[in-house]
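Here is a short set of questions and answers on why certain labels apply to this structure. Each answer sets a value against its cut-off.

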Amino acid sequence: MIYTITLNPAWDVTYRVREMHPEGLHRAYAARESAGGKGVNVARAVRHAGGAACAIACLGGLSGERIAATLESEGVDCIPVGVTGDTRTNVSVIADNGQAFEVNGEGNPIDAEAVTRIRRALLENLLPGDTIALCGSFPRFQDGSPASFWTELAALARQTETALVLDTGGAFLREIFRDHLPAPSLIKPNFDELRDLSSRKNDAEALPAHGTPAEYCALVESYLHASPVDPARTAVLCTLGAHGAVYVDGSGSRYGATVPVRFPKAEKGAGDTYLGVFLTRRASGWGIAESMAAAAASAAAVVRGEM
């Protein structure tokens, strides 16, 4: 079973417009609403891939109830953890030429009671061999800190003999390795997040438009060598958008090609889907290369607007 934790979920609203203007009114010709947040998306992908998943999500108010009800209707098991206030709403506007902008609401603060409920949910359900995946951004902690929450989560993972996966970026990802907090089993940065984690974060180096697998592997490895991450302790699954993905662990690196999409309709959630399917296939005993190929196919389906 894969248990995802989403501290900062959202009700996602996406509008499609013909073209984007810097000012004035935009009229949408299509709209889509969905339960969102990285962990929610990962759990949905696991379920779609035939795996067993449960989304533990901090939810509040009417929008939180709507997320829980939506997940239930989709057949995704959910353990809602009550928080004060309404769960945020995130709005995306996407033009036909690919231009887009997003407005993300502020997340609900996490208090000590919410942390206790998350811990209780895990202790009551985890079995050896399960996976915990902490995904997404961190809202403000009223009691404690993200570091103390992570340390407690890592101790629980060791106690229950479960794998611990982290899919986040920014300051907290840097803090884990800089301050020598417990290392996760796997992290899933995208290329920008990996670069930000390294001492070369100000480099303007871009991904080659038509690079070879060896070039992409070498590029990811070069940024890893300039970071505090030890792939022998923490495997790295770095997604490169349309350029594929690179997996690095103590035995070396492997490249996974993307599945070309001629007419992309969406990108949001593709990386989350990649992680969910990858974890599902690995839990079923698939090899790394086969798991990356399955993940790429599902991520492409998201980009095509089929998932």
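Q: In S7, which residue is the bridge partner of Asn90?
A: Asn104 is the partner of Asn90 in this predicted model.

Q: What makes S6 and S7 count as paired strands, and in which sense?
A: Pairing needs at least two bridges. S6 and S7 (residues 100-104) have five, in the antiparallel sense. They form a hairpin with four residues between them. Gly98 sits in that turn, with a positive phi of about 100°.

Q: Why is strand S6 (residues 89-95) called largely enclosed by the rest of the structure?
A: Buried means under 20% relative accessible area. Five of the seven residues of S6 are buried, so the label follows.

Q: How do you know that S2 and S6 pair, and in which sense?
A: Seven bridges link strand S2 (residues 10-17) to S6, in the parallel sense. The threshold is at least two. One of the bridges pairs Trp11 with Thr89 in S6. Trp11 also has a bridge partner in S3, namely Ala35. S2 and S3 run antiparallel and are joined by seven bridges.

Q: Why do S3 and S7 count as edges of the four-stranded sheet?
A: The sheet is open, with the order S3-S2-S6-S7 and mixed pairing. S3 and S7 each have a single partner strand, so one side of each is left without a neighbour in the sheet. From one strand to the next, the twist averages 15°.

Q: What is the strand order of the nine-stranded sheet, and which strands are at its edges?
A: The order is S5-S4-S1-S8-S9-S10-S11-S12-S13. This sheet is open too, and its pairing is mixed. Strand S5 (77-82) and strand S13 (252-256) are the edge strands, as each pairs on one side only.

Q: How do you know that S4 and S5 are paired?
A: They share six bridges, in the parallel sense. At least two are required. Ala55 stands opposite Cys78 in S5. On the same nine-stranded sheet, H4 packs against S1, S8 and strand S9 (163-167). The direction of H4 makes about 165° with that of S8.

Q: Why is H3 called roughly parallel to H4?
A: The axes of helix H3 (residues 112-125) and helix H4 (residues 146-160) cross at roughly 10° and come within 11 Å. Angles under 35 degrees count as roughly parallel, so H3 is roughly parallel to H4. The crossing of H3 with H4 is right-handed.

Q: Which residues of H3 and H4 meet?
A: From H3 come Val115, Ile118, Arg119, Leu122 and Leu123. From H4 come Phe149, Glu152, Leu153, Leu156, Gln159 and Thr160. By class, the contact of H3 with H4 has seven nonpolar, two polar and two charged residues.

Q: Why are H1 and H8 called oblique to each other?
A: Their axes cross at roughly 45° and come within 7 Å. That angle is outside the ranges under 35, 65 to 115 and over 145 degrees, so H1 and H8 are oblique. Their crossing is right-handed. On the H1 side, the contact uses Lys38, Asn41, Val42, Ala45 and Val46. On the H8 side, Asp272, Thr273, Leu275, Gly276, Val277 and Thr280 take part. The contact of H1 with H8 divides into five nonpolar, four polar and two charged residues.

Q: Which residues of H1 are buried, and what covers them?
A: The buried residues of helix H1 (residues 38-48) are Gly39, Val40, Asn41, Val42, Ala43, Ala45 and Val46. Their cover includes strand S1 (2-6), strand S3 (30-36), strand S4 (53-59), helix H2 (61-73), strand S8 (131-135) and helix H8 (270-283). Gly50 follows H1, and its phi is positive, near 90°.

Q: Why does Glu290 count as partly exposed?
A: Its relative accessibility is 45%. Buried means under 20% and exposed over 50%, so Glu290 is partly exposed. Glu290 lies in helix H9 (residues 288-303).

Q: How far apart are Glu290 and Gly256 in sequence and in space?
A: They are 34 residues apart in sequence. C-alpha to C-alpha, they are 8.9 Å apart.

How values were computed
Residues are numbered from 1 along each chain as its sequence is written. This is a predicted model: local features need pLDDT of at least 70, side-chain atom pairs count only at pLDDT 80 or more; totals for chains, interfaces and linings use all residues. Side-chain values use heavy atoms; hydrogens and water are left out. Axes are lines fitted to C-alpha atoms, for helices over the stretch in contact, and angles run from 0 to 180 degrees between N-to-C directions. Helices (H or I, at least four residues) and strands (E, at least two) are DSSP runs, numbered from the N terminus. A crossing is left-handed if the near helix is turned anticlockwise from the far one by less than a right angle, and right-handed if clockwise. Contact means heavy atoms within 4.5 Å. Ala, Val, Leu, Ile, Met, Phe, Trp, Tyr, Cys and Pro count as nonpolar, Asp, Glu, Lys and Arg as charged, and the others, Gly among them, as polar. Buried means under 20% relative accessible area, exposed over 50%, partly exposed in between (1.4 Å probe, protein chains only).
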